[in-house]
Amino acid sequence: MGHTFDEDFSIRDPQDRGIRLLEEERRRIARDLHDGPIQVLINLSMRLQIVQRMMLTDSKLADEELQRIQQRLTGSINEIRQLIYDLQPVAIDEIGLIAAVTSLFNRITQDTGLTCHLTIDEALKEKPLALSPARTIGTYRLIQEALSNIRKHAQAESVTIALSTRDSSLKLTIHDDGIGFDPATRLSGHFGLATMIERAEYMGGSGEIHSTAGQGTRLIFFVPLDNHVA
Ligand SMILES: Nc1ncnc2c1ncn2[C@@H]1O[C@H](COP(=O)(O)OP(=O)(O)OP(=O)(O)O)[C@@H](O)[C@H]1O
Ligand SMILES: [Mg+2]
C-alpha cells in the first residue's frame, strides 16, 4: 500500500488530520482482516478440497481432518468477533473509560497472562471523568493501541496504566516491563506510534514515547479535560 502518512505529519489542519486518522484506521482494519481471518479461510478452503478426495480413500482420516478444520473455523469466528468488538468497544460513553479499560484488561489477562494494573489518582476518583465522549473514545483508542503493541512486541510480564490530572489535562501513562526499543528508529509501514501521537494532538493534547532497549517502554499522553461533560 503505497502512500505513507508520516511525511506530512507536520500538517496542522485539524480536518486534514481527522481524515488521515480515519484513513489510517481503515487501513489497519483492512490489514487485520487480510492478515488474520482471510488467510485462515483460504487455508481451510484448500484443506476442504483435500478432505473431499481423502473421503474416497481414507474416511477415518478425513473425519479427523474435518474436526480440525471445524476447530480452526471456530477460532477464526472468534477472531472476527474480536475485530468487530474492538471496532465498537462496549458502550464506553455509558460505562465510562475506567470500566471499559478494566474490561479490556480482563480480556487481555485471560488471553495472554499479562498482568495489568490500573492506578487512578484519588482526585480523579471523586467525580466522573470530565472527558467528552469523543475524547473518551480517543483516549480508549490510545490505550488499545498501546496494549496491542505490548502484546505484539514487548514480551512484557506486566503493564501499568496510570491516570492522573495535570494542568486541566488527563495524564495517561502506559508502562510495560518488556524489551523496549529505540523510538528514534522509524520503521516504514508501521504507523501505530505515530498515529497515537497524532491522535493525542488531534484531541488538543500531546504524547511522548520513552523507551530504551532492554528497559521497557513508557508512553505518556496528555488529553485536555473538558469543563462540561457532554
Ligand atoms: N511496547 C513496546 N515494546 C517493545 N517494542 C515496541 C513497543 N511498542 C512499539 N515497539 C516497537 O516499535 C515499532 C513500531 O510500533 P508501531 O506501533 O508504530 O508499529 P507496529 O506495531 O509494528 O505496526 P502497526 O502499529 O502499524 O500495526 C514496533 O514494530 C516495535 O518494534
Ligand atoms: Mg502498533
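How many nonpolar, polar and charged residues does the shell around ligand 1 have? Hi everyone, let me start there. The count is seven nonpolar, seven polar and two charged residues. Please keep in mind that this is a predicted model.

So, who sits in that shell? There are 16 residues surrounding ligand 1, and the closest are Asn149, Ala154, His190, Gly192 and Leu193. Two elements give two or more residues each: helix H6, spanning 133–154, and helix H7, spanning 192–202. H6 gives the most, with five residues.

Now let's turn to the sheet. Five strands make up an open sheet with mixed pairing, and the order is E1-E2-E3-E5-E4. Strand E1 (115–120) and strand E4 (206–211) are at the edges with a single partner strand each, so one side of each has no neighbour in the sheet. From one strand to the next, the twist averages 15 degrees.

A quick look at that E4 edge: E4 and strand E5, residues 217–224, run antiparallel and are joined by six bridges. Within this pair, Ser206 stands opposite Phe222 in E5.

And here we can bring back our two helices. H6 packs on the sheet, where it touches strand E2 (158–166), strand E3 (169–176) and E5. The direction of H6 makes about 10 degrees with that of E3. H7 packs on the sheet too, touching E4 and E5, and its direction makes about 150 degrees with that of E4.

To wrap up, H6 and H7 both give residues to the shell around ligand 1, while H6 touches E2, E3 and E5 and H7 touches E4 and E5. Thanks for listening!

Note on methods
Residues are numbered from 1 along each chain as its sequence is written. Chains are lettered from A and ligands numbered from 1 in the order in which they are written. This is a predicted model: local features need pLDDT of at least 70, side-chain atom pairs count only at pLDDT 80 or more; totals for chains, interfaces and linings use all residues. A residue is near a molecule or strand if its C-beta atom, placed from the backbone, lies within 6 Å of it. Helices (H or I, at least four residues) and strands (E, at least two) are DSSP runs, numbered from the N terminus. Ala, Val, Leu, Ile, Met, Phe, Trp, Tyr, Cys and Pro count as nonpolar, Asp, Glu, Lys and Arg as charged, and the others, Gly among them, as polar. Two strands pair if DSSP finds at least two bridges between them. Axes are lines fitted to C-alpha atoms, for helices over the stretch in contact, and angles run from 0 to 180 degrees between N-to-C directions. Two residues are in contact if their C-beta atoms, placed from the backbone, lie within 7 Å.
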